[in-house]
Amino acid sequence: MTPVSGLQDCFLSSVANPFELRQLFELIPGILFFMKDKDSRLMLANQGVLNRMGVHSEAEAIGTSDYDFFPREIADGFVEDDQRVLKTGQPLIDRLEIAYDEQRVLAWHLTTKLPVRGKKGRIVGVMGLTHSYEGARRFHGPFAEVAKAVEFIRENFHRKFSARELSKAAGMSERTLNRKFHEAFRMTPHEFVTRSRIRAASRLLAHSDESILEIALDCGFCDQSAFTAQFRKRTNMTPRGFRQRYRQRKQN
């Protein structure tokens, strides 16, 4: 009887076009599939990824990096995670990140990354799956433990509330809530609140004619200056610049 490994090698070598495997991810709504080389350059992507990047064909994206499509603040996080997987060989499971959706608006996503190994077993790249955090509603494991806090933030991000009020809604102490948030999201509750406000603001910047001051106040920021500072820190652009870029892309 042929060993299992031999059967697998025989099968894989008989596949005429491995790239056809990508078609599976074209058939799953909301799933983004990508593969990068050791320099975090895109080598393979399904249509969802191309839409998120704002390009029309895979040929336009091959060989590019996240820095070609995303603000440095966002791209730095993507590449840092790539390199962690490349160096350790360990998968990165359900990493919460803020990135563009297909409408080029900032939104929460969950990303899983795995190492890609060559025929000799050496790591040659990274492959991953990304999907919407809100759409998935995957409150399991560490996410389940902070689900009440997350729901409270979603319902109240537009107003000021204290850490004590948040921990009370979560049913745990502030110290425990901080620890659980780090386990689930690798960030503090305060950072999660700020990014949630920025996410909501980016949608209003893209899809409404409200003034930047009105958007700042609607999304829980004390004034336009504070909003601009926080938005720039996490996207590397001003709210006005984000709105202009979005509308230019939409026109093109």
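Begin by selecting serine 208, which sits in the loop joining helix 11 (189-207) to helix 12 (212-218). The model on display is a predicted one. Colour serine 208 by accessibility: its relative accessible area is 14%, and because buried means under 20%, serine 208 counts as buried.

Next, show the side chain of serine 208 together with the backbone of leucine 204. A polar atom of that side chain lies 2.6 Å from the backbone oxygen of leucine 204. Then display the surroundings of serine 208. Once its neighbours within four places in sequence are set aside, the residues in contact with serine 208 are Arg203, Ile215, Arg243 and Arg247.

**The second largest pocket**

Keep helix 11 in view and move to the second largest pocket, to whose lining helix 11 contributes 5 residues, the largest share. Which other helices should be selected with helix 11, each supplying at least two residues of this lining? They are helix 9 (163-170), helix 10 (174-185) and helix 13 (224-235).

The space in the second largest pocket comes to about 410 Å³. Its lining consists of 19 residues. To find the centre, select Phe161, His190, Val193, Thr194 and Arg197, the lining residues that lie nearest to it. Colouring the lining by residue class gives 9 nonpolar, 7 polar and 3 charged residues.

**Aromatic pairs**

Phe161, one of the residues nearest the centre of that pocket, leads to the next stop. The structure holds 5 aromatic pairs. In one of them, phenylalanine 161 meets phenylalanine 152 edge-to-face, with 5.1 Å from centre to centre and 85 degrees between the planes. Both partners are buried: phenylalanine 152 has a relative accessible area of 14%, and phenylalanine 161 has a relative accessibility of 17%.

Now select phenylalanine 227 and phenylalanine 231, another edge-to-face pair, at 5.7 Å centre to centre and with 70 degrees between the planes. Where do these two residues lie in relation to each other along helix 13? They are 4 residues apart in that helix, and therefore about one helical turn separates them. Phenylalanine 227 is buried, at 0% relative accessibility; phenylalanine 231 is likewise buried, with a relative accessible area of 0%.

Extend the selection to Phe221 and Phe242. Together with Phe227 and Phe231, these residues form one aromatic cluster.

**The largest cavity**

For the final stop, turn to the enclosed spaces. There are 2 cavities of 30 Å³ or more, and the largest cavity contains about 90 Å³ of space.

Select strand 1 (32-37), helix 3 (47-53) and strand 4 (106-117), each of which supplies at least two residues of the lining of the largest cavity. Which of these elements gives the most to that lining? Helix 3 does, with 3 residues.

To display the lining of the largest cavity in full, select Phe34, Lys36, Leu42, Val49, Arg52, Met53, Asp66, Phe78, Glu97, Thr111, Lys113 and Thr130. Coloured by class, the lining of this cavity shows 5 nonpolar, 2 polar and 5 charged residues. Among the charged residues are Lys36, Arg52, Asp66 and Glu97, while Phe34 and Leu42 are among the nonpolar ones.

Conventions:
Residues are numbered from 1 along each chain as its sequence is written. This is a predicted model: local features need pLDDT of at least 70, side-chain atom pairs count only at pLDDT 80 or more; totals for chains, interfaces and linings use all residues. Side-chain values use heavy atoms; hydrogens and water are left out. Buried means under 20% relative accessible area, exposed over 50%, partly exposed in between (1.4 Å probe, protein chains only). A polar contact is a pair of N or O atoms within 3.5 Å; within protein, one must be able to donate a hydrogen and the other to accept it, and residues adjacent in sequence count only if both atoms are side-chain atoms. Contact means heavy atoms within 4.5 Å. On a 1 Å grid over the protein atoms alone, a cavity is a set of points where a 1.4 Å probe fits but cannot get out, and a pocket is an open set with protein on both sides within 12 Å along at least five of seven lines; lining residues have an atom within 4 Å of a point. Grid points are joined across faces, edges and corners, and a volume is the space filled by probe spheres set on the points. Rings of Phe, Tyr and Trp (its six-membered ring) pair if their centres lie within 6.5 Å; planes under 30 degrees apart count as stacked, over 60 as edge-to-face and the rest as tilted.
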